[in-house]
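User: I'm new to this one, so could you walk me through it a step at a time?

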Amino acid sequence: MPDSKESASKKYHEDGLPIPRRYWAMIAIWLTIIPSILDSSIANVALPLIAKDLNADPAASVWVINAYQLVIVVSLLPLASLGEIVGYRRVFKSGLVLFTLASFLCTQVHTLQGLTLARAFQGLGAACIMAVNGATVRYTFPSRMLGRAIGFNSLVIALSSAVGPSVASGILSIGPWQWLFGINVPLGILALAVGWKTLPSTPHSGGRFHIWSTILNIATFLLAVLAIDGLAQDRGVAVTLAELAGAIIAGFMLVHRSLSQSAPLVPIDLLRIPVFSMSVVTSIASFIAQSLAFVALPFYFIDVLHRSQVDAGLLMTPWPAAVACVAPIVGRLAERHSALMLSGIGSGTLLVGLGLLALLPADATSWDITWRTALCGVGFATFQNPNNKILLSSAPLTRSGAAGGMLATARLTGQTLGAALTAVVFRLASNGEGMALIMAALFAGLAAFLNLRRYMVLNERI
């Protein structure tokens, strides 16, 4: 609980920060989001160059990417819980400092092992930011403006994702691969300077950090990710089944421990709220659909539609571009109209867009492809923003950290499962590209069904 001095000074702003502090805080948040999102994609572009420069095996060099993603996945829920205990601002700023320092370390190492370790620390810093980002935004903006705040966040994320490969190519054309990570350092310092005093302070729960739950959480997600990767890489049935069994056992123990805790690491208390739990599942299904499409479409364009590598990249651009254009508009609409209705319209539109992409004729023109991928982007943005608003606002303000942690976990879980399913389909099916797009449409259809079910359940309760 906040002390009397903090309460007397009205340090905590439960319904948003005053202007202009609110704007400076959001600038700091955006400056922090940009490099963490860019780093998820720019390393992919430079991976062959990194492997060659460090004399590393290409297969081993993939851990430059995996280390970053894996640390984020296993850290989100523990760091969200820590944010509720010590304050979201403290975790956010700590993550920003760690991410900036780790980015500098990435520019100084000269071995693959050293770079992988630095990337793991980068992932921990990014996890600190992502775990409390939703809660930080919720305390920054008034509740009546939460929709547009999420919309602006989505705009920044979409733009960062869209320009990531171009930024990486531009940097590599004038400098070494180390510059890809070095660019984070001035951005991190600027974000710290802007946000050190402007980011919102929040109450501390004063609870206890659950160490054993954290260990079980790490074991659950780590073994699950390894099992999924095993399915894609065909490492052996026995090993994959052992990893999957370990993940299930650790997950069961984690949930069992959480049932008796008042503020558990896995937010069982929030998952008992129907709208919250349904929003989490709907989010996972939609991100599986998005990830399946994002991984499969470049192969589909090149191998099935016989387009060049450059054309494939350009034909992917309308999706994030549409998200960037639509997200702020949908954010405002979600403040005046039913977020449930908008979310359902969005998932239905995503279903139609993916279905039309899967049915493209072999002689499809660039325009035929462009408007379909743009339609997917419009549908995804129209779903995601209202769904995120529903998820965050359905949790009590004091549990904003847990809600934000689940939001980020749902996104990464969906993306990880989608990528793994794509790899499995590619390995098992001769026309894997088309099958992956059909599967993406099926998961979008599942999200649309869940949206409809959520709308009916809530109307029945009313």
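Analyst: We can go through the aromatic pairs, then charges over rings, and then the enclosed space, keeping in mind that this is a predicted model.

User: OK, how many aromatic pairs does the structure hold?

Analyst: The structure holds six aromatic pairs. In one of them, the ring centres of phenylalanine 287 and phenylalanine 380 are 5.2 Å apart and the planes stand at 85 degrees, and because an angle over 60 counts as edge-to-face, that is how this pair is classed.

User: And where do phenylalanine 287 and phenylalanine 380 lie?

Analyst: Phenylalanine 287 belongs to helix H14 (residues 274-304) and phenylalanine 380 to helix H18 (residues 366-393), so the pair ties together parts that are 93 residues apart in sequence.

User: Are those two buried or exposed?

Analyst: Phenylalanine 287 is buried, and phenylalanine 380 is buried as well. Another edge-to-face pair is formed by phenylalanine 294 and tryptophan 319, with 4.8 Å from centre to centre and 85 degrees between the planes.

User: Which helices does that second pair tie together?

Analyst: Phenylalanine 294 lies in helix H14 and tryptophan 319 in helix H16 (residues 318-336), so this pair links parts that are 25 residues apart in sequence. Phenylalanine 294 is partly exposed, with a relative accessible area of 30%, whereas tryptophan 319 is buried, with a relative accessible area of 1%.

User: What about glutamine 290, what does it touch?

Analyst: Leaving aside residues up to four places away in sequence, glutamine 290 touches Trp319, Phe380 and Gln415. Glutamine 290 lies in helix H14, and its relative accessible area is 10%, which means that it counts as buried, since the cut-off is under 20%.

User: Switching topic: which residue lies over the face of tryptophan 196?

Analyst: That is lysine 93, at 3.8 Å from the ring centre of tryptophan 196. Arginine 119, in turn, lies over the face of tyrosine 68, at 4.4 Å from the ring centre.

User: Last thing, how much space lies in the largest cavity?

Analyst: About 40 Å³ of space lies in the largest cavity, and the count of cavities of 30 Å³ or more comes to one.

User: Which residues line the largest cavity?

Analyst: The lining of the largest cavity is made up of Leu77, Ala80, Ser81, Glu84, Pro264, Leu265, Pro267, Arg399 and Ala402. By class, that lining has six nonpolar, one polar and two charged residues, and helix H5 (residues 63-86) gives the largest share of it, with four residues.

Conventions: Residues numbered from 1 in each chain as written. Predicted model: local features only at pLDDT ≥ 70, side-chain atom pairs only at ≥ 80, totals over all residues. Heavy atoms only, no water. 1 Å grid on protein atoms, 1.4 Å probe; cavity = no way out; pocket = protein on both sides within 12 Å on 5 of 7 lines; lining within 4 Å. Points joined across faces, edges and corners; volume = space filled by probe spheres on them. Helix = DSSP H or I, 4+ residues; strand = E, 2+ residues; numbered from the N terminus. Nonpolar A, V, L, I, M, F, W, Y, C, P; charged D, E, K, R; others polar. Phe/Tyr/Trp six-rings, centres within 6.5 Å; stacked < 30°, edge-to-face > 60°. Buried < 20%, exposed > 50% of the residue type's maximum accessible area, 1.4 Å probe, protein only. Lys NZ or Arg CZ within 6 Å of the ring centre and 35° of its normal. Contact = heavy atoms within 4.5 Å.
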